[in-house]
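Visitor: Could you take me closely through a single part of this protein, the salt bridge, and then show me what surrounds that part in the rest of the fold?

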Amino acid sequence: RDPNTLSLMIDDSPPGARDATALPLANIDPQQRQGLARMEELATLSGGTFTASCHAGGGATLCAHWSV
């Protein structure tokens with residue numbers, strides 16, 4: 001962990017669902033990706049980074065990071 005970085009992670013995956021088969025944002029169905037793309041835009045415009053992935057076992061993980 002970097003003490004100069006503010007990180008936000010939201011994970012609604014069921015236990016054991018986070019795995020190596022996660023689909024990155026670019027590979028998610030465009031209709032599902034619309035809301036995620038807006039989150040990415042807002043994080044980027046505020047000087048941060050954003051990643052999202054969907055898991056084969058269900059759920060998604062969203063991460064945003066900002067330097068402080």
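Guide: In this predicted model, the count of salt bridges comes to 1, and the pair that forms it consists of Glu 41 and Arg 38, whose side chains meet with a nitrogen-to-oxygen distance of 2.7 Å. That distance fits the rule, because a salt bridge needs a side-chain nitrogen of Lys or Arg within 4 Å of a carboxyl oxygen of Asp or Glu. Both residues belong to helix α1, which covers residues 30-45, and because they are 3 residues apart there, about one helical turn separates them. As for their surroundings, Glu 41 is partly exposed, with a relative accessible area of 38%, and Arg 38 is likewise partly exposed, at 44%.

To place this helix in the whole, it helps to follow the chain from its start. The protein has 1 helix and 4 strands, and along the sequence these elements come in the order β-β-α-β-β. Of the contacts with a separation of 6 or more, 62% are between residues 24 or more positions apart. Buried residues account for 24% of the 68 residues, while the accessible surface amounts to about 4,800 Å², with 57% of that area belonging to carbon and sulfur atoms.

From the salt bridge we can turn to the interior. In soluble globular proteins, nonpolar side chains tend to be buried together. Here the largest nonpolar core has 8 residues, namely Ile 28, Leu 36, Ala 43, Phe 50, Ala 52, Cys 54, Leu 62 and Ala 64. Two or more of these residues come from each of α1, β3 (49-54) and β4 (60-67), and β3 gives the most, with 3 residues. Helix α1 therefore has a part in both stories, since it holds the salt-bridge pair and also supplies residues to the core.

One core residue, Leu 62, shows how these pieces are brought together, for when residues up to four places away in sequence are left out, Leu 62 touches Leu 8, Met 9, Ile 10, Leu 36, Met 39, Phe 50, Thr 51 and Ala 52.

The two strands that share in this core are also paired with each other, as β3 and β4 run antiparallel and are joined by 6 bridges. Within that pairing, Phe 50 has Ala 64 of β4 as its bridge partner, and both of these residues are members of the core. Finally, β3 and β4 form a hairpin with 5 residues between them, and in its turn Gly 58 has a positive phi of about 105°.

Notes: Residues are numbered from 1 along each chain as its sequence is written. This is a predicted model: local features need pLDDT of at least 70, side-chain atom pairs count only at pLDDT 80 or more; totals for chains, interfaces and linings use all residues. Side-chain values use heavy atoms; hydrogens and water are left out. Buried means under 20% relative accessible area, exposed over 50%, partly exposed in between (1.4 Å probe, protein chains only). Contact means heavy atoms within 4.5 Å. Accessible areas come from the Shrake-Rupley method with a 1.4 Å probe; for residues, only the protein chains shown count as cover. A nonpolar core is a set of buried Ala, Val, Leu, Ile, Met, Phe, Trp, Tyr and Cys residues joined through side-chain atoms within 4.5 Å. Two strands pair if DSSP finds at least two bridges between them.
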